[in-house]
Amino acid sequence: MPDPLKLGFGPFAAPGRGVLVVFCDDGLKFGQATSRALGSVSDLVARAAKAERFTGKSGSALELAVPEGLKVARLVVIGTGKPAELKANDFVKLGGAAMGKLPASATEATIFAELPGGAMRPDRAADLAQGVALRAYAFDRYKTKRKDDDKPPASRKVTVAVADAAAARSAYARRGAVADGVLMARDLVNEPANVLYPEEFAWRASALRKVGCQVEILDVPKMRKLGMNALLGVGQGSAHDSRVVVMRWNGGRKGDAPVCFIGKGVCFDTGGISIKPAANMEDMKGDMAGAACVTGLMHALAARKARVNAVGVIGLVENMPDGKAQRPGDIVKSMSGQTIEIINTDAEGRLVLADAIWYCQDRFKPKFMVDLATLTGAIIIALGNDYAGCYANNDQLAERLTKAGEETGELVWRMPLSKEYDKLIDSKFADMKNTGGRMGGAITAAQFIKRFVDDKTPWAHLDIAGTGFDSRQNEINKSWGSGWGVRLLDQLVADHYEGRGR
Ligand code: BES
Ligand code: MN
Ligand code: ZN
């Protein structure tokens with residue numbers, strides 16, 4: 001176990017060792033407890049700020065080694081800009097920024113959760129702590145040759161100093177569970193496809209039993225019996241058998257319709273017979289980011305004992321070229337009974353979702369369904385890496401997702417659906433074809449999925465091809481897999497679908 005983080009809360013008191021992290025605004029002002037802890041070092045900070053042209057701009061940092069007058073090895077001052085403008089997610093980012101300023105070798109740190117106007121509210125301090133947990137994550141289990149000075153310590157202790165430690169700790173119960181869900185999702189996305197194939201993914205999802213979920217695994221004979229030929233067609237060229245995993249958390253009232261989440265879990269997408277070019281194909285180990293998010297979310301909901309009935313369904317396959325692989329021109333009959341002409345075997349995610357969504361809807365009669373999928377390159381062209389594409393048959397659900405996105409920083413942008421786009425996937429030989437051409441490629445993919453949703457079930461589809469994994473770094477993630485969507489959907493559930501307050 002590399003680098004387990006020991007995260008705790010304590011009172012405002014100048015630490016005797018390690019790293020001290022404090023916050024100041026863009027007037028270089030500190031809060032009272034911070035000023036008291038810094039004592040005469042405040043002057044040193046002022047001089048250093050001038051020398052370094054540090055102005056307290058949001059996210060910027062000033063670092064002082066062995067500051068005379070303090071017992072710590074290092075003092076880090078982080079700017080917050082204008083504290084009045086900070087929202088929940090800004091506190092998460094501040095926590096990430098603080099964690100990011102700890103030297104690799106640091107074993108102990110104290111972060112003063114105080115702004116010039118006073119101590120951060122307990123929930124804000126807990127948001128900050130969540131940022132610490134998210135930023136502390138690294139995926140380095142396959143690095144065997146690291147030099148001593150590059151090795152993370154066996155454990156790191158980070159204390160968030162607050163006015164009311166008990167209140168912060170209780171506010172962190174939910175956020176810590178959610179952070180664990182995000183890290184679980186990141187682990188799944190980062191894992192290479194020779195390790196994480198459908199059976200192995202299903203095995204890892206079954207660990208959710210430990211937090212109180214019911215987990216069922218559908219194997220190939222079971223899926224065949226159910227008629228999931230769209231999903232099975234994608235996996236038939238792989239040496240690894242396909243799986244569907246159903247995860248259930250019953251934290252709501254008995255008999256209440258569940259909220260349902262469905263994830264695309266293509267453990268590796270070569271494109272199949274319509275094979276992809278070699279450049280960046282390695283990224284396609286992350287083509288199960290939707291399934292990873294659903295799994296991480298179910299962990300989060302269960303671990304924080306959300307007062308909701310929730311179901312997660314993930315379709316796990318590997319898309320490979322092979323003598324047994326599906327061909328362009330093949331026609332498959334989906335579980336819904338609708339037939340699909342395969343035009344391009346690389347448009348496989350929608351085939352997996354078609355059966356997973358139908359199965360979920362048919363069996364669970366959901367309150368709503370949200371599916372997540374790294375579905376199209378076209379959504380990356382349209383929106384880049386900062387927004388996921390959101391398609392919905394229900395305005396209220398779309399609006400709630402948009403708002404939860406703004407709260408968490410996991411942003412979604414609503415895209416259109418219409419009859420005209422839908423026509424583009426009519427087929428000469430079957431009920432529909434699996435691609436609608438280059439134009440509006442992310443939209444026709446969504447239209448395809450929509451054909452497997454009953455009009456009466458509120459449904460949203462999130463195309464996370466641009467957000468599920470990302471080589472760019474940010475304040476709360478230095479790894480490749482982002483775990484995108486776990487915080488978003490936890491927020492959606494918390495804001496609107498839990499019996500009583502959180
Ligand atoms: N998994 C890909 C989409 C993707 C591309 C995700 C890049 C993340 C990064 C998907 O299965 C795919 O291949 N889509 C095709 C669809 C096309 C054949 C209609 C695409 O987007 O090119
Ligand atoms: Mn593909
Ligand atoms: Zn794919």
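Biologist: Which strand and which helix each supply at least two residues of the shell around ligand 1?

Modeller: In this predicted model, strand E11 (259-269) and helix H11 (377-383) do so, where helices (at least four residues) and strands (at least two) are DSSP runs numbered from the N terminus. Residues are numbered from 1 along each chain, and ligands from 1 in the order in which they are written.

Biologist: What makes a residue part of the surroundings of ligand 1, and which come nearest?

Modeller: A heavy atom of the residue must lie within 4 Å; of the 17 residues around ligand 1, Lys 276, Asp 287, Asp 346, Glu 348 and Gly 377 come nearest.

Biologist: Why is the approach of Glu 348 to ligand 1 called a polar contact?

Modeller: The term asks for a pair of N or O atoms within 3.5 Å, and a polar side-chain atom of Glu 348 lies 2.8 Å from an oxygen atom of ligand 1, so this pair qualifies. A backbone N or O atom of Gly 377, at 2.6 Å from an oxygen atom of ligand 1, also meets the cut-off.

Biologist: How much of ligand 1 does the protein bury?

Modeller: Taken alone, ligand 1 exposes 510 Å² (Shrake-Rupley method, 1.4 Å probe), and the protein buries 78% of that.

Biologist: How do you know that E14 and E18 pair?

Modeller: Pairing needs at least two bridges found by DSSP; strand E14 (residues 339-341) and E18 have 2 bridges, in the parallel sense, so they qualify. Met 432 in E18 is the bridge partner of Ile 340.

Biologist: Why is one side of E13 and of E18 left without a neighbour in the sheet?

Modeller: The open, mixed sheet has the order E13-E14-E18; strand E13 (331-333) and strand E18 (432-433) stand at its edges, each with a single partner strand, so one side of each has no neighbour there.

Terms used
This is a predicted model: local features need pLDDT of at least 70, side-chain atom pairs count only at pLDDT 80 or more; totals for chains, interfaces and linings use all residues. Side-chain values use heavy atoms; hydrogens and water are left out. A polar contact is a pair of N or O atoms within 3.5 Å; within protein, one must be able to donate a hydrogen and the other to accept it, and residues adjacent in sequence count only if both atoms are side-chain atoms.
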